[in-house]
Amino acid sequence: MQSSSFGSSLNAGGGAGRFGGVSASLSNVGNVHGGVAAATPRLPRLPTLAKKNNVRSKQPLRAAEPEVEVVTAETDEELKKKEEDKEEKATLFKAIGVGALVSMSLGILDHDWVGAHQELSLTIVFIIGYIGIILEEELAFNKSGVGLVMAVALWTIRVLHSGPGEVDPELQEKLGETSEVLFFLMGAMTIVEIVDAHQGFNLITKSIKAKTNKELLYIIGTITFFMSAILDNLTSTIVMVSLLRKLIPDPDRRKYFGAAVVIAANAGGAWTPIGDVTTTMLWINGNLSTFATMRDIFLPSVVSLAVPMWIMGEFAEEAQGACDRNVGCLVDPDNPDGPMLEEDNPNDEVELAPSGKIIFFFGVGCLLFVPVFKSLTGLPPYLGMLAGLGSLWLLTDAIHYGEEERSQLKVPDALSRIDTQGVLFFLGILMSIASLDTAGLLKDLAELLENNIPSQEIVATVIGLASAVIDNVPLVAATMGMYDTTQYPMDDELWQLIAYCAGTGGSILIIGSAAGVAFMGMEKANFGWYFQKISGPALAGYLAGVGTYLGVHYGGAMLGAAPAIAAGASDVIDVLPL
């Protein structure tokens, strides 16, 4: 019994120590041999050792446990403080770096050499700023900030060269022209946001029904094409890619269909004045008219969509086979030729927000009213857009009066959700291009192109190809400054081709348009995948659209000249000695 107490004492006193094994052994010996263990001569010393061990182990352990916890807590706090100090120092260094860069830039701009060499200075600053915009992701600088700084720097150079007296009127004139585009875009984006908040676009998406993946691809492309013509390519892409998430659970197939949405959105936005920002810019500036644009660019835009849709539908594995009824297509996979399974369409379960139908039709009516307003009054389009926004604002306030829980359905909340940084990017880019225009650089570039490129058709086609790599907004803005409406009047072939090429050329690469960039972020599509799978069909459609426009344009001209050509040929035949 005594040996058992020894084991208990040792285990309680710190069995984890060097006496743990001895304790267990002695305990077993005591249990087996009983009194024999009590007669062991070494046993009288063990209680003393156990007591000593017990005293030595218990007291330090009681004191050590809280000490260990305190030390750990202090270490965590110290590490956290060190991280915070490190972040503060990094932030300070970044602030100092940016401040030094700005100060150095201001110092350089204030130098007499800059004012004396205006053209070279403007070119260098614009190239540096444009590289910063292109490498936005790599440099981690938002392109809106780069654009704004670039615009201010360019106008500063203009003042240093020409003085405030000459530059101030130019600045006010260009700011007024730029503001027309910005207010138009803000009004359109807000109207679209209000309609989307009321889930009005579900009225369109609910009607999608297909038996095969190929048929679904064609339906998605067609709906996106006409939706983009009324809204804009970016909004249409966001709406349709969100729809695809409900229709197609397979990520690979959904990604492929999403790429088709990008092509359709860019093609649809090119043929109406309100479908793409570049077409809108040309329309507001007086380079294009509403009816002629829709008449002459519609067919090339259709071809630029039909060609890639056919290629993708016929040869892509993702577009083959029957739709699975679980993805919203109304067909039984086990019996593709059987009856439609309308009850299995998940889109039928989608509900609209309160008054969603009214807001949808009223909002679309506001957008369609803008060209009519311009034709009837002759006033700038942005006033028609603001009139539509104001009317929709009053309507939503009346419908949701007293409904505080539905504040997200009203215009003030919608204004907080629109792409403000995109608007500021347009401001920076357009004002930068305006500074180059007032300095005469764009005219010089136009003369250079005319002297070295014999055809305006080639110029427009190259601009479209360049828009696959470079943002189409500054490209079109530069083109507007390069060529004068006195030389190339409203609805000239050059302006129509630029509208088509800049709008559809961005589909060739995923980074070539706002729609492509939005799709990239929503579906995690990368540059290499898009280039391998989509760039070929998109390029084929782009070139086919250019060929269609030239064929219709020159074919009509040749038909119109046929009588004169025939008469001339007859005169020649008459004088020949036959």
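This is a guided tour of a predicted model, one selection at a time.

**Stop 1: the whole chain**

Show the protein chain as a cartoon. It has 26 helices and zero strands. Now count residues: the chain holds 578, and 43% of them count as buried. Next, think about contacts between residues at least 6 apart in sequence. Of these, 75% join residues at least 24 apart.

**Stop 2: α8 and α19**

Select residues 143-162, which form helix α8, and residues 420-438, which form helix α19. Two packed helices are described by the angle between their axes and the distance between the axes. Here the axes come within 8 Å and cross at roughly 25°. An angle under 35 degrees counts as roughly parallel, so α8 is roughly parallel to α19. The crossing of this pair is left-handed.

Which residues of α8 make the contact? Show Lys143, Ser144, Gly147, Leu148, Met150, Ala151, Leu154, Trp155 and Arg158. On the α19 side, the residues include Phe425, Ile429, Met431 and Thr438. By class, the contact of α8 with α19 has eleven nonpolar, eight polar and two charged residues.

**Stop 3: α12 and α24**

Move to residues 233-247, helix α12, and residues 514-523, helix α24. Their axes also come within 8 Å, crossing at roughly 25°. That angle makes α12 roughly parallel to α24. What is the handedness of the crossing of α12 and α24? It is right-handed.

Turn on the side chains. From α12, the contact uses Asn233, Leu234, Thr237, Ile238, Val241, Ser242 and Arg245. From α24, it uses Ala514, Ala515, Ala518, Phe519, Met522 and Glu523. Eight residues of this contact are nonpolar, three are polar and two are charged. Keep Asn233 of α12 in view.

**Stop 4: Asn266**

Select Asn266, in helix α13. Buried or exposed? Asn266 has a relative accessible area of 0%, so it is buried. Its side chain makes two polar contacts to look for. One is with the side chain of Asn233, at 3.1 Å. The other is with the side chain of Ser513, at 3.1 Å.

Now show the wider surroundings. Leaving out neighbours within four places in sequence, Asn266 is in contact with Asn233, Gly503, Thr504, Gly506, Ser507, Ser513 and Ala515. Two of these appeared at the previous stop: Asn233 belongs to α12 and Ala515 to α24.

**Stop 5: Tyr256**

Stay in α13 and select Tyr256. Tyr256 counts as buried because its relative accessibility is 4%, and the cut-off for buried is under 20%. Which residues does Tyr256 touch, not counting those up to four places away in sequence? They are Met312, Ala316, Glu318, Trp529, Lys533 and Ile534. Draw a distance line from Tyr256 to Met312. The two are 56 residues apart along the chain, with 9.0 Å between their C-alpha atoms.

**Stop 6: Thr272**

Leave α13 and enter the loop between α13 and α14, where Thr272 is found. Thr272 has a relative accessible area of 6%, so this loop residue is buried. A polar atom of its side chain lies 3.2 Å from the backbone nitrogen of Gly275. Beyond residues up to four places away in sequence, Thr272 touches Ala229, Thr279 and Met294.

**Stop 7: α14 and α23**

Select α14, residues 277-284, together with helix α23, residues 493-504. They pack at an angle of about 160°, and their axes are 8 Å apart. The angle is over 145 degrees, which means that α14 is roughly antiparallel to α23. Thr278, Thr279 and Leu282 of α14 meet Trp495, Ile498, Ala499, Ala502 and Gly503 of α23. The residues of the contact of α14 with α23 are five nonpolar, three polar and no charged. Thr279 is also one of the residues that Thr272 touches.

**Stop 8: two positive phi values**

Most residues other than glycine have a negative phi. Go to the loop between α22 and α23 and select Asp491. Its phi is positive, at about 65°. Asp491 is partly exposed, with a relative accessible area of 22%.

Last, select Gln199, in the loop between α9 and α10. Gln199 has a positive phi near 60°. Its relative accessible area is 34%, so Gln199 is partly exposed.

Notes. Residues are numbered from 1 along each chain as its sequence is written. This is a predicted model: local features need pLDDT of at least 70, side-chain atom pairs count only at pLDDT 80 or more; totals for chains, interfaces and linings use all residues. Side-chain values use heavy atoms; hydrogens and water are left out. Axes are lines fitted to C-alpha atoms, for helices over the stretch in contact, and angles run from 0 to 180 degrees between N-to-C directions. Helices (H or I, at least four residues) and strands (E, at least two) are DSSP runs, numbered from the N terminus. Angles under 35 degrees count as roughly parallel, over 145 as roughly antiparallel, 65 to 115 as roughly perpendicular and the rest as oblique. A crossing is left-handed if the near helix is turned anticlockwise from the far one by less than a right angle, and right-handed if clockwise. Contact means heavy atoms within 4.5 Å. Ala, Val, Leu, Ile, Met, Phe, Trp, Tyr, Cys and Pro count as nonpolar, Asp, Glu, Lys and Arg as charged, and the others, Gly among them, as polar. Buried means under 20% relative accessible area, exposed over 50%, partly exposed in between (1.4 Å probe, protein chains only). A polar contact is a pair of N or O atoms within 3.5 Å; within protein, one must be able to donate a hydrogen and the other to accept it, and residues adjacent in sequence count only if both atoms are side-chain atoms.
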